[in-house]
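The following exercises concern the fold, the interior and the surface of one protein chain. Each task sentence is followed by a solution in steps.

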Amino acid sequence: KTHWHCPMVSLSDPQCQSVKARGMAIAPKVTGIISFMCSAFIVQHVLRDRKRRSLVYHRLLMGMSTSDLFGAIVFILSTWPIPRGEACLAVGTTGTCTFQGFLNQVTALCTPTYNISLAIYYLLVIVKGWKESRVKKI
C-alpha cells in the first residue's frame, strides 16, 4: 500500500523568510475569515425571514453576500492553493491554483455586478420614488 504523505509547511520555510511574504500569506486568511462570517450572517438573516426573501433589496443583498462568501474563501485559502515552493505556506498544485484563480475571477465579476444593481435599486426607490411592486417588474 502506498500512503500519500503531505509534509507540513511552516513559517520557517525558505519562502516565508521575509516579513512581507509572511504578511501576504497570513493577512488575507484573517480578513477572509472576518468577511466570510459577516457575509454568512447576512445570507442567513435574509433566508430565515419569508418577507425578507421576497423583497428585491434583500435578495440583491443576499446575492452579493453569497458572492462575497466565495470571495472570502479565496482570501482564506490565499497562498495554500499555490504550487508548493512557489509562495509562503503554499501546498497546492497547478490545478488548485487554477481553480482558485477561476473562483477569484467569478467573484470579481459577480460582487460588483450586485453592487451596481443595489445602486440602481437605490436610485429607483430613493431618487425616483418607485415602490417595491414596480421594482419587482424589472
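**Exercise 1.** Determine what share of the contacts with a separation of 6 or more joins residues 24 or more positions apart, and describe the overall form of the chain.

*Solution.*
1. In this predicted model, 58% of the contacts with a separation of 6 or more are between residues 24 or more positions apart.
2. The secondary structure consists of 5 helices and 0 strands, giving the pattern α-α-α-α-α along the sequence.
3. The radius of gyration is 20 Å, whereas a compact globule of 138 residues would have a value near 14 Å.
4. The C-alpha trace spans about 60 × 40 × 20 Å along its principal axes.
5. Of the 138 residues, 28% are buried.
6. The accessible surface amounts to about 9,400 Å², and carbon and sulfur atoms hold 68% of that surface.

**Exercise 2.** Identify which residues make up the largest nonpolar core, and state which helix gives the most to this core.

*Solution.*
1. The largest nonpolar core has 9 residues: Val56, Leu60, Leu61, Met64, Leu118, Tyr121, Leu124, Trp130 and Val135.
2. Helices H3 and H4 (94–127) each supply at least two residues of this core, and H3 gives the most, with 4 residues.
3. Apart from this core lies another one of 5 residues, including Cys16, Ala25, Cys88 and Leu89.
4. Leucine 118 illustrates the packing: beyond its neighbours within four places in sequence, leucine 118 contacts Tyr57, Leu60, Leu61 and Met64.
5. As background, nonpolar side chains in soluble globular proteins tend to be buried together.

**Exercise 3.** Examine the loop between H3 and H4: are threonine 79, serine 78 and leucine 89 buried or exposed?

*Solution.*
1. Threonine 79 is located in the loop between H3 and H4. Its relative accessibility is 10%, so threonine 79 counts as buried.
2. Leaving out residues up to four places away in sequence, threonine 79 touches Met24, Ala25, Lys29, Ala87, Cys88, Leu89, Ala90 and Val91.
3. Serine 78 belongs to the loop between H3 and H4 and is buried, because its relative accessible area is 12%. The phi angle of serine 78 is near 30°, a positive value in a residue other than glycine.
4. Leucine 89 is also in the loop between H3 and H4 and is buried at 12% relative accessibility. The phi angle of leucine 89 is near 65°, again positive in a residue other than glycine.

**Exercise 4.** Determine which residues form the nonpolar patch on the surface, and classify methionine 37 and methionine 24 by accessibility.

*Solution.*
1. The patch consists of Ile33, Phe36, Met37, Phe70, Ile73, Leu77, Trp80 and Val91, with about 650 Å² of accessible area together.
2. Helices H1 and H3 (56–77) each supply at least two of the patch residues.
3. Methionine 37, a residue of helix H1, has a relative accessible area of 53%; the cut-off for exposed is over 50%, and methionine 37 is therefore exposed.
4. Methionine 24 is also in helix H1 (residues 19–47), and its 54% relative accessibility means that methionine 24 counts as exposed.
5. For a distance within the chain, take methionine 24 and histidine 45: they are 21 residues apart in sequence and 32 Å apart in space, C-alpha to C-alpha.

Note on methods. Residues numbered from 1 in each chain as written. Predicted model: local features only at pLDDT ≥ 70, side-chain atom pairs only at ≥ 80, totals over all residues. Heavy atoms only, no water. Buried < 20%, exposed > 50% of the residue type's maximum accessible area, 1.4 Å probe, protein only. Patch = residues over 30% accessible without salt bridge, like charges linked within 9 Å, V, L, I, M, F, W, Y side chains within 5 Å. Areas by Shrake-Rupley, 256 points an atom, 1.4 Å probe, with all protein chains shown as cover. Salt bridge = Lys/Arg side-chain N within 4 Å of Asp/Glu carboxyl O. Rg over C-alpha atoms; globule rule 2.2 N^0.38 Å. Contact = heavy atoms within 4.5 Å. Core = buried A, V, L, I, M, F, W, Y, C linked by side-chain atoms within 4.5 Å.
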